[in-house]
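Please open the model in your viewer and keep the selection tool at hand. The tour goes from stop to stop, saying at each one what to select and what can be found there.

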Amino acid sequence: MAEDPKQTERPSTRQFLSSQGFDEDMAKKGKELVNQFYIFMKTAQIHDPTNVALETPVENVIRTLKGLWQWSDDVHLRLEGDYLFLDELKLKMDMDGFISFTSLIETLKQLRIGGILLKKSATTDELKRFVYILVQTDPGGKEPFERVIEQMKKMGIANIEIDPFEERKESFEDILRDAKEIAKSTYFRTMTAVAEVMDNIKLGQAVSVKRAKRVVQSMVDLLLQEESTLLGLTTLRSHDEYTHHHSVNVCILSLAMGQRLGYPKKKLTELGVAALFHDMGKASISPEILNKPTDFTEEEWQIMRRHPILGVKYIIKLKGINEMTIRMVTGIFEHHLNYDLSGYPKLDTKWELSLLGRIISIVDCYDALTSSRVYNRVPYPPDKALKFMLNKSGRAFDPVLMKIFINSIGILPIGTMVLLDTGEIGVVIQSSSNPERMDRPKVKVIVDPSGKEVDGDIVDLTELNEKAGQYRLNIQKVIDSTKYKIDVSQYFL
Ligand SMILES: [Fe+2]
Ligand SMILES: [Fe+2]
């Protein structure tokens, strides 16, 4: 008797492996590959192929590839839309990987490459030649993909293949889902743009902020539709990338304020770019000082206090100085000056602070307080930071702008953790739908009354109880997320 096919059907190898945590492992290796490939390309950009500096990056890529070749003879890294895939597995971009991901995606798109197939038989030498072709092909010329193929043939690369990039057709669902994704990718693209400018300053290379200006423009566009997502992303923190996150956060928060001030689009872009580069002067301060875990010595303070002036120096070196640059320069120069003109740089002439400077100094202080520059400092929760700053309103900060700032981020800013009267804990994910009840934002429940972390509902605290006509849920108190060791940024990623 023939066997029942259903009975004999076994789970596919793929399903089996997946159940064994294979996907997780592969995703991890995939991320490693992207990261190492990026470092390899970066190194190849500055060194010639015989340089010893190349050895470690090449070895790292090969080691990861060998790990992947254990599972399959071909490793296929593909680009689909704005995502990288390893075979069929979508690689999730995370905090430490964003620069490698976005840079590699950008390079591939520019060269019109949609995938790289690395066969098990590929040699180290082939890989090296391939990477040099990638970094040396001018993406600006005609048909870059064809030129890469041609070079690969010429160089005798037989075990690496590339596919052409195909523009993805978007479905309606894609567009809807993408609004949030676009906000995220804009955040990371802006971070990459800052990193790039800062790196160029460090290397003493020519600096252009064209790309940065473009990303700020897309941020301004997004602000109108996805403000809460963007504000939510300002809760992202990383000690290693402190300056970059801080720059993007200051940019987003300044834009939110500029919008409340009724700025037109052009002015918003100007404010955003100035905010994004307010700490540009830190590019030439050594990381040992910048990341010092203990207090600065007087000498180190002196170096730190120079960054507004250094920032001005870099900005005016940029090409195409115009009125916009001049206003930006002023804002950057002033960002550590207080409303009463104390602070630094020390002034010995009469001075009137610009609006840009006054805005940036407020959001700069708020972001610095709510994040931790160094490992050992516990950041302030949003409500405490606001209280602290309100106390200094009128002396350190422009009191009117301070009010507008609170108005734009809310008295319970996005990312604040609250205890509800049901015993649940939630995170503020969107400001109140009723501008008169700013104390009743939208909250996502993340801990149930028993103390278990949950992926709970989003509740609108302005909602009324049907029968009694009272609010359905109330905030009992604001809680300090740092004490609970909960990383609230995960709810916005
Ligand atoms: Fe600064
Ligand atoms: Fe700053």
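Begin by selecting P308, which is buried, with a relative accessible area of 0%, and keep in mind throughout the tour that you are looking at a predicted model. P308 has its place in helix α14, which covers residues 307-317. Now add G281 to the selection and draw a distance between the two C-alpha atoms: P308 and G281 are 27 residues apart in sequence, yet the C-alpha to C-alpha distance is 5.9 Å. Which residues is P308 in contact with, once its neighbours within four places in sequence are left aside? Selecting them in turn, you will find I332, F333, H335, H336, Y344 and P345.

**Salt bridges between helices**

The next stops are salt bridges, of which the count comes to 17. Select E270 and R327, whose side chains meet in a salt bridge with 2.6 Å from N to O. E270 lies in helix α11 and R327 in helix α15 (residues 323-334), so this pair ties together parts of the chain that are 57 residues apart in sequence. Is each partner buried or partly exposed? E270 counts as buried because its relative accessibility is 5%, which falls under the 20% cut-off, whereas R327, at 37%, counts as partly exposed.

Stay with helix α11, which spans residues 265-276, and select K265 in it together with D221 in helix α9 (residues 210-233). D221 and K265 form a salt bridge in which the closest N and O atoms are 2.8 Å apart, and the pair links distant parts of the chain, 44 residues apart. Here D221 is partly exposed, with a relative accessible area of 34%, and K265 also counts as partly exposed, at 48%.

**A salt bridge to a loop**

Move on to R358 and D398, which form a salt bridge with their closest N and O atoms 2.8 Å apart. R358 sits in helix α16 (residues 355-370), while D398 is found in the loop between α17 (382-391) and α18 (399-409), so that 40 residues separate the two along the chain. R358 counts as partly exposed at 21% relative accessibility, whereas D398 is buried, with a relative accessible area of 7%.

Before leaving the salt bridges, select R78, E80 and E88, which are linked in a network of them.

**Strands around β7**

For the last part of the tour, select strand β7, residues 425-430. Why can β7 be called largely enclosed by the rest of the structure? The reason is that 5 of its 6 residues are buried.

Next, show strand β6 (residues 417-420), which pairs with β7 in the antiparallel sense over 3 bridges; within this pairing, L419 stands opposite I425 in β7. β6 and β7 form a hairpin with 4 residues between them, and if you select G423 in the turn you will find a residue with a positive phi of about 90°.

Finally, add strand β8 (residues 442-447), which runs antiparallel to β7 and is joined to it by 5 bridges. Select G426 in this pairing and look across to β8, where V445 stands opposite. As you follow the strands with side chains displayed, it helps to know that in a regular strand the side chains alternate between the two faces of the sheet.

Methods:
Residues are numbered from 1 along each chain as its sequence is written. Chains are lettered from A and ligands numbered from 1 in the order in which they are written. This is a predicted model: local features need pLDDT of at least 70, side-chain atom pairs count only at pLDDT 80 or more; totals for chains, interfaces and linings use all residues. Side-chain values use heavy atoms; hydrogens and water are left out. A salt bridge is a side-chain nitrogen of Lys or Arg within 4 Å of a carboxyl oxygen of Asp or Glu. Buried means under 20% relative accessible area, exposed over 50%, partly exposed in between (1.4 Å probe, protein chains only). Two strands pair if DSSP finds at least two bridges between them. Contact means heavy atoms within 4.5 Å.
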